[in-house]
Amino acid sequence: MALNGLIADHSEIIRKGLRAVVEECNIFETIREAGCATALKDYIRKYQPDVLLVNPTMLSESMIQQIKESTENKKTQLVAVVYSLHDEESLKIFDEIILINETKTKISRKLTALIKSKNFTGEVDDNVLTVRELDVLKLLIKGYSNKEISSRLFISTHTVISHRKNITQKLNIRSAAGLTVYAILHGHMSLEDLA
Amino acid sequence: MADLVDSDSRSMVLLTRFGIDLGFGDKTIEQICKEKQIKKDFFLLLLNVFLNPDYFPNKKLKNIDVNLLLTYLANSHRYYMEVKIPLLRELLQSFLPGMHHPVKVTLEAFFDGYIQEVTEHIEYEEQVVFPYVSILLSPQMGKVPDKEFQEYGIRIFEKRHTDIEEKLSDLKNLMIKYLPPSETDRFLRIRIICELLDLEQDLVNHARLEDQILIPIVEQLEQRVKR
């Protein structure tokens with residue numbers, strides 16, 4: 001699963017330094033940087049990062065609200081990057097805290113644990129298929145190709161492929177025949193549907 | 001030899017493929033290999049591949065007797081077809097009646113499809129790939145430049161080398177996660193899952209032998225012979 005991270009801090013030195021460390025952890029496929037609150041807002045909306053590493057002073061109450069709303073079902077993990085004194089209370093909203101003087105190993109361990117504990121992102125949080133994924137599953141079982149599925153459901157083939165990826169990831173079943181058994185077991189389909 | 005089996009029971013399956021039966025008393029690996037006329041190095045090589053998932057015999061590739069390797073692979077095929085799959089089928093046959101009709105039907109179809117796939121894969125290897133390798137090995141080959149033979153290449157096999165493990169792992173996950181709990185079939189279900197895990201591991205090793213040892217050797221042979 002390709003994770004994307006966002007680093008937000010006013011200081012370019014901090015951003016670049018943190019980036020260098022985080023890149024070596026090999027957790028994220030893409031890492032972006034935001035140097036001001038406006039860019040931060042913008043990027044959250046545009047890219048919906050899986051993990052946001054942020055200087056707590058950059059986050060206002062309204063911004064936190066915005067993060068929660070704009071990232072919809074995909075939950076962004078909040079990591080505070082701390083190098084000055086903060087009210088302990090104010091740090092409670094964060095999922096993890098990184099201190100600026102911590103070693104690379106420690107930071108890497110914290111980030112890895114964070115991602116593992118949350119089972120990546122909200123997308124695969126629980127292994128129940130979404131309505132759309134079920135639609136794709138049913139057509140898949142009937143032997144339709146990606147292209148046929150895309151035109152039947154009015155979505156792009158790219159979306160079909162990503163649905164398929166999510167289905168196999170959630171269920172851990174890859175073959176069409178195996179998915180058929182799953183669908184029958186869960187009452188998504190009947191034998192007549194297959195005929 | 002007894003120490004080997006004691007330390008890792010998976011080696012028992014390997015022994016059967018070399019025609020070594022249990023009951024060997026205190027004989028050493030060397031003694032038994034001599035008795036059965038098995039090349040000790042080859043035996044040890046396969047043992048390592050079998051027991052150690054990261055083992056890769058870079059340097060020893062040249063010394064491998066390809067004929068022995070083919071015999072070993074064919075023996076493994078026989079073991080899957082004659083022992084493992086019938087056993088799984090039998091276990092499933094006693095398990096299925098407890099299921100709802102639609103589940104039963106689809107599971108049965110799924111398993112039949114899987115056997116079909118395995119059978120085809122094995123037949124393809126034995127009827128196309130292995131004879132091809134044998135021709136490569138035989139010295140008279142150069143006399144009759146068969147066009148079909150010239151155009152075939154182990155690369156084709158590599159492309160065709162479908163993943164027959166996929167369905168097996170699906171079946172395992174269905175048994176572990178998705179089939180509804182049932183008190184009556186509890187132990188039968190565990191047995192089936194154990195069998196599936198065992199076969200899965202065996203097939204992984206088998207595929208590694210083919211992909212990492214057979215194919216590289218044959219590629220070298222191709223370069224020598226076809227030039």
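**Exercise 1.** In this predicted model, decide whether A:K104, with a relative accessible area of 41%, is buried, exposed or partly exposed, and then establish which parts of chain A its salt bridge with A:E24 ties together.

*Solution.* Step 1: Buried requires a relative accessible area under 20% and exposed one over 50%, with partly exposed in between, so A:K104, at 41%, counts as partly exposed. Step 2: Its partner A:E24, with a relative accessible area of 52%, falls in the exposed class. Step 3: The closest N and O atoms of A:E24 and A:K104 are 2.7 Å apart, and the two residues form a salt bridge. Step 4: Because A:E24 lies in helix α1 of chain A and A:K104 in helix α4 (residues 104–117) of chain A, the pair ties together parts that are 80 residues apart in sequence.

**Exercise 2.** Describe the salt bridge between A:E33 and A:R19, and determine for each partner whether it is buried, partly exposed or exposed.

*Solution.* Step 1: The side chains of A:E33 and A:R19 meet at 2.6 Å, N to O. Step 2: A:E33 belongs to strand β2 (residues 30–34) of chain A and A:R19 to helix α1 (residues 12–25) of chain A, so that the pair, 14 residues apart, links distant parts of the chain. Step 3: A:E33 has a relative accessible area of 17% and is buried, whereas A:R19, with 22%, is partly exposed.

**Exercise 3.** Locate the partners of the salt bridge between B:E200 and B:K172, and then state which residues are joined with A:E33 into one network by salt bridges that share partners.

*Solution.* Step 1: In the pair formed by B:E200 and B:K172, the closest N and O atoms are 3.1 Å apart. Step 2: The pair links distant parts of the chain, 28 residues apart, with B:E200 in helix α10 (residues 186–225) of chain B and B:K172 in helix α9 of chain B. Step 3: B:E200 counts as buried at 15% relative accessibility, and B:K172 counts as buried at 14%. Step 4: In chain A, salt bridges that share partners join A:E12, A:R15, A:K16, A:R19, A:E23 and A:E33 into one network.

**Exercise 4.** Characterise how helix α8 of chain A and helix α9 of chain B are oriented, and list the residues through which they meet.

*Solution.* Step 1: The axes of α8(A), residues 176–185, and α9(B), residues 165–178, come within 9 Å and cross at roughly 20°. Step 2: That crossing angle makes α8(A) roughly parallel to α9(B). Step 3: The crossing is right-handed. Step 4: From α8(A), A:A177, A:G178, A:V181, A:Y182 and A:L185 meet B:K167, B:D170, B:L174 and B:Y178 of α9(B). Step 5: The residues of this contact divide into 6 nonpolar, 1 polar and 2 charged.

Definitions and conventions
Residues are numbered from 1 along each chain as its sequence is written. Chains are lettered from A and ligands numbered from 1 in the order in which they are written. This is a predicted model: local features need pLDDT of at least 70, side-chain atom pairs count only at pLDDT 80 or more; totals for chains, interfaces and linings use all residues. Side-chain values use heavy atoms; hydrogens and water are left out. Axes are lines fitted to C-alpha atoms, for helices over the stretch in contact, and angles run from 0 to 180 degrees between N-to-C directions. Helices (H or I, at least four residues) and strands (E, at least two) are DSSP runs, numbered from the N terminus. Angles under 35 degrees count as roughly parallel, over 145 as roughly antiparallel, 65 to 115 as roughly perpendicular and the rest as oblique. A crossing is left-handed if the near helix is turned anticlockwise from the far one by less than a right angle, and right-handed if clockwise. Contact means heavy atoms within 4.5 Å. Ala, Val, Leu, Ile, Met, Phe, Trp, Tyr, Cys and Pro count as nonpolar, Asp, Glu, Lys and Arg as charged, and the others, Gly among them, as polar. A salt bridge is a side-chain nitrogen of Lys or Arg within 4 Å of a carboxyl oxygen of Asp or Glu. Buried means under 20% relative accessible area, exposed over 50%, partly exposed in between (1.4 Å probe, protein chains only).
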